[in-house]
Amino acid sequence: MSDMTERVVLGTAAGHSPEAVPGGVEQGAPPRRAPVTSTGLIGWLRANLFSSWLNTALTLALAYLIVRGLIGSVSWAFVNAVWSVPVTEAGAQTQACRALNGTGACWAVITEKHRFILFGTYPYEEHWRPALCILLFIGLYVVSAMRRFWRKELVLVWAVTLVAIGVLMWGGILGLSYVPQERWGGLVITLILATFGLAFAFPLAVLVALGRRSELPAIKVLCVLYVELIRGVPLISLLFMASVMFPLFLPDGVNVDKLLRAQVAIILFAGAYLAEVVRGGLQALSKGQYEAADALGLSYWQKTGFIILPQALRLVIPPLVNTFIGFFKDTSLVLIIGIFDLLTAGKTAIVEPAWQGFGIEVYIFCGLIYFLFCFAMSKYSQNLEAELNRHRRR
Amino acid sequence: MSDTIEAGHGVASAARKDAPPAIILDKVNKWYGTMHVLRDVSLEIAQGERVVVCGPSGSGKSTTIRCINRLETHQEGRIVVDGIELSDDLRSLDAIRREVGMVFQSFNLFPHLTILENCTLAPIWVRKMPKAEAEALAMDYLRRVKIPEQAGKYPGQLSGGQQQRVAIARALCMKPKIMLFDEPTSALDPEMIKEVLDTMVGLAETGMTMICVTHEMGFARQVADRVVFMDRGEVVEQGPPDSLFENPRTERLKTFLSQILRGH
């Protein structure tokens with residue numbers, strides 16, 4: 001690094017950079033172009049990769065490792081891979097995969113098990129129902145992401161879609177057979193936990209963040225207690241409490257669905273974290289914004305809704321989405337209380353003796369699904385940030 | 001401060017001494033912790049009267065006018081605005097804030113709303129005015145402050161002087177009976193001070209009740225019916241601008257005047 005700086009400084013002295021002295025422009029001298037060797041591709045390569053013999057050696061060594069690694073993964077994932085194996089009455093014949101001895105991927109496990117990973121133990125002939133739910137969820141995300149649909153009707157769309165998903169999953173009406181919640185599983189569980197979780201946690205978080213800055217001591221103390229208590233324990237312990245301890249407090253015969261209990265635990269947990277993110281945004285606003293709104297006679301809720309929250313939430317889009325992404329992945333912790341989410345389904349898929357030892361392929365598959373959702377969130381948030389902060393441009 | 005406006009051709013007084021006073025401050029006291037920032041401040045401002053409040057920094061002049069629309073609360077004494085006494089009752093507070101417009105030193109426009117939206121927000125939601133009517137009103141005031149062509153822009157795209165003129169238009173859109181100015185030109189570059197002061201002179205000509213915290217002595221001479229000099233939380237001296245500036249009676253005012261004049 002120090003080599004590089006030295007080089008740049010020397011370069012300037014030797015006259016490689018434009019020599020336009022300050023003041024030259026004011027005197028009307030037309031600006032000259034920087035020499036090609038300092039700006040173009042060659043200039044960039046020379047400055048960053050080959051500036052000294054040490055940098056050149058490092059560049060070449062790293063390039064060698066990268067190319068080796070690429071060749072290795074391509075031949076493992078594609079060239080030597082086995083895409084399907086014969087299935088007889090005795091089960092899947094995985095000898096072809098075993099014969100690879102780790103030199104190629106056994107994608108046959110995905111070919112065989114993808115429906116189990118995606119839908120868990122949901123009745124096989126009814127798989128179209130969770131599949132349709134997944135599509136409904138994705139449709140809901142896409143519609144909600146488009147700013148031109150941001151109006152009151154969107155709440156209605158959410159309500160209708162979520163009810164439709166409930167009907168599809170449970171069945172029992174409209175000629176759909178009843179499927180108990182214990183048999184749900186796979187990706188749809190992950191999406192249910194994440195979507196309901198964030199849809200309820202976010203409004204909760206905004207209220208708690210506002211409450212923490214309230215002038216009413218009772219509300220303030222309550223919000224501080226909630227945030228500090230929930231934030232102070234791991235999500236796993238909350239899930240345990242929800243699944244093991246909570247039923248003990250219920251009267252006999254009353255039973256709250258296990259998924260619902262886990263869902264509530266996730267909402268409470270995410271709410272506490274998001275509340276602190278939102279509070280950060282509230283604190284970043286200048287006091288003048290509050291005073292201007294007060295001086296105009298706006299009520300507390302008008303001030304909060306029109307002036308404070310729109311600005312505060314825009315400021316915290318990056319940490320907000322960071323927390324969203326974190327919670328999307330944290331839903332996989334429900335496996336410890338025996339709920340069958342995407343990752344648990346993947347894990348269970350390779351319990352079968354024939355498929356044991358092909359964990360890498362299954363985890364890559366699950367990881368890819370998680371990645372697609374998280375990456376989409378991340379990309380979308382970047383666009384949203386640029387779009388919503390247009391007013392800050394000059 | 002610079003005497004941007006020539007003294008001499010003043011604006012005729014619109015003060016109506018016969019009508020009930022617009023604002024009464026009666027022995028108002030305020031503390032920040034143990035610091036006594038307002039000491040027995042008593043002022044009576046007639047409808048249509050234009051008062052300039054001046055004094056060294058930390059003298060309590062901003063605090064005084066911020067107490068009038070209760071951005072600050074006072075601990076002792078009585079403040080009556082437009083016949084309504086300030087109290088903890090939220091309804092009386094709302095009523096007062098509807099009638100009192102305020103312009104801040106740092107403009108405090110809402111940066112995420114366009115100029116037009118800045119002006120129409122309060123009329124629509126506080127005055128319950130139909131949107132079209134509020135927009136027409138806002139355009140009318142934007143024309144009066146001479147920036148109707150900026151209506152669709154965001155505050156960040158405007159110069160400081162333009163932003164402050166928008167802030168004045170925004171306050172006027174609520175059709176207030178009283179306008180408070182809290183050092184409206186202190187955050188501006190010198191070349192923008194005049195355009196804001198001109199706007200305020202124009203407003204004074206309409207007969208609006210105005211209280212203005214400022215160091216612009218030229219402005220004070222031109223429009224003020226009365227100048228109030230404050231120091232260390234007290235009203236030290238008050239009177240018509242000419243006699244106050246020419247014949248200061250107290251040592252404190254003499255010192256203050258010599259300080260602000262020496263700067264130029």
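**Exercise 1. A first look at Arg261(A)**

Which residues does Arg261(A) touch, not counting residues up to four places away in sequence? Keep in mind as you work that this is a predicted model.

*Solution.*
- Step 1: Find the element. Arg261(A) belongs to helix 12 of chain A, which covers residues 258-284.
- Step 2: List the partners. With residues up to four places away in sequence left out, Arg261(A) touches Ala242(A), Ser243(A), Phe246(A), Pro247(A), Asn255(A) and Val256(A).
- Step 3: Judge the exposure. Buried means under 20% relative accessible area. Arg261(A) has a relative accessibility of 10%, so Arg261(A) counts as buried.

**Exercise 2. Two helix crossings in chain A**

Describe how helix 12 of chain A crosses helix 14 of chain A, then do likewise for helix 6 and helix 16 of chain A.

*Solution.*
- Step 1: Decide what to report. Two packed helices are described by the angle between their axes and the distance between the axes.
- Step 2: Take helix 12 and helix 14 of chain A. Their axes come within 8 Å and cross at roughly 115°, and this crossing is right-handed.
- Step 3: Name the residues that meet. Val278(A), Gly281(A), Leu282(A) and Ala284(A) come from helix 12 of chain A, and they meet Ile308(A), Leu309(A), Ala312(A), Leu313(A) and Leu315(A) of helix 14 of chain A. Sorted by class, this contact has 8 nonpolar, 1 polar and no charged residues.
- Step 4: Turn to helix 6 (residues 108-119) and helix 16 (residues 342-349) of chain A. Here the axes come within 8 Å and the angle is roughly 145°. This crossing is right-handed.
- Step 5: Name the residues again. Lys113(A), Phe116(A) and Ile117(A) of helix 6 of chain A meet Leu342(A), Ala345(A), Gly346(A), Thr348(A) and Ala349(A) of helix 16 of chain A. The classes in this contact are 5 nonpolar, 2 polar and 1 charged.

**Exercise 3. The pockets**

What is the volume of the second largest pocket, and which helix of chain A gives the most to its lining? Begin with the largest pocket as a warm-up.

*Solution.*
- Step 1: Warm up. The largest pocket holds about 2,300 Å³ of space. Its lining has 41 residues, and Ser144(A), Trp150(A), Trp158(A), Phe202(A) and Phe324(A) lie nearest the centre.
- Step 2: See what builds that lining. Helix 9 of chain A supplies the largest share, 9 residues. By class, the lining has 34 nonpolar, 3 polar and 4 charged residues.
- Step 3: Move to the second largest pocket, with a volume of about 1,200 Å³. It is lined by 32 residues, of which Glu215(A), Tyr290(A), Asp294(A), Tyr300(A) and Lys303(A) lie nearest its centre.
- Step 4: Find the main contributor. Helix 14 of chain A gives the most to this lining, with 5 residues. Among the elements that each supply at least two residues is helix 2 (90-99) of chain B.
- Step 5: Check the classes. The second largest pocket is lined by 15 nonpolar, 5 polar and 12 charged residues.

**Exercise 4. Helix 2 of chain B and the largest cavity**

Which residues of helix 2 of chain B are buried, and is Arg91(B) buried or exposed?

*Solution.*
- Step 1: List the buried residues of helix 2 of chain B: Ser92(B), Leu93(B), Ala95(B), Ile96(B), Arg97(B) and Glu99(B).
- Step 2: Find what they pack against. Their partners include helix 13 of chain A and helix 1 (61-68) of chain B.
- Step 3: Look at Arg91(B), which is in helix 2 of chain B. Arg91(B) has a relative accessible area of 66%, so Arg91(B) is exposed.
- Step 4: Turn to the largest cavity, with about 80 Å³ of space. Of its 14 lining residues, Ala295(A), Leu296(A), Gly101(B), Met102(B) and Ala171(B) are the closest to the centre. Helix 2 of chain B is among the elements that give two or more residues to this lining.

**Exercise 5. Positive phi in chain B**

Where are Asp82(B) and Phe107(B)?

*Solution.*
- Step 1: Recall the background. Most residues other than glycine have a negative phi.
- Step 2: Place Asp82(B) in the loop between strand 4 and strand 5 of chain B. Its phi is near 55°, a positive value, and Asp82(B) is partly exposed at 28% relative accessible area.
- Step 3: Place Phe107(B) in the loop between strand 6 and helix 3 (115-125) of chain B. Its phi is positive, about 65°, and Phe107(B) counts as buried at 12% relative accessibility.

How values were computed
Residues numbered from 1 in each chain as written. Chains lettered and ligands numbered in written order. Predicted model: local features only at pLDDT ≥ 70, side-chain atom pairs only at ≥ 80, totals over all residues. Heavy atoms only, no water. 1 Å grid on protein atoms, 1.4 Å probe; cavity = no way out; pocket = protein on both sides within 12 Å on 5 of 7 lines; lining within 4 Å. Points joined across faces, edges and corners; volume = space filled by probe spheres on them. Helix = DSSP H or I, 4+ residues; strand = E, 2+ residues; numbered from the N terminus. Nonpolar A, V, L, I, M, F, W, Y, C, P; charged D, E, K, R; others polar. Buried < 20%, exposed > 50% of the residue type's maximum accessible area, 1.4 Å probe, protein only. Contact = heavy atoms within 4.5 Å. Axes fitted to C-alpha atoms, helices over the stretch in contact; angles between N-to-C directions. Left-handed = near helix turned anticlockwise from the far one by under 90°.
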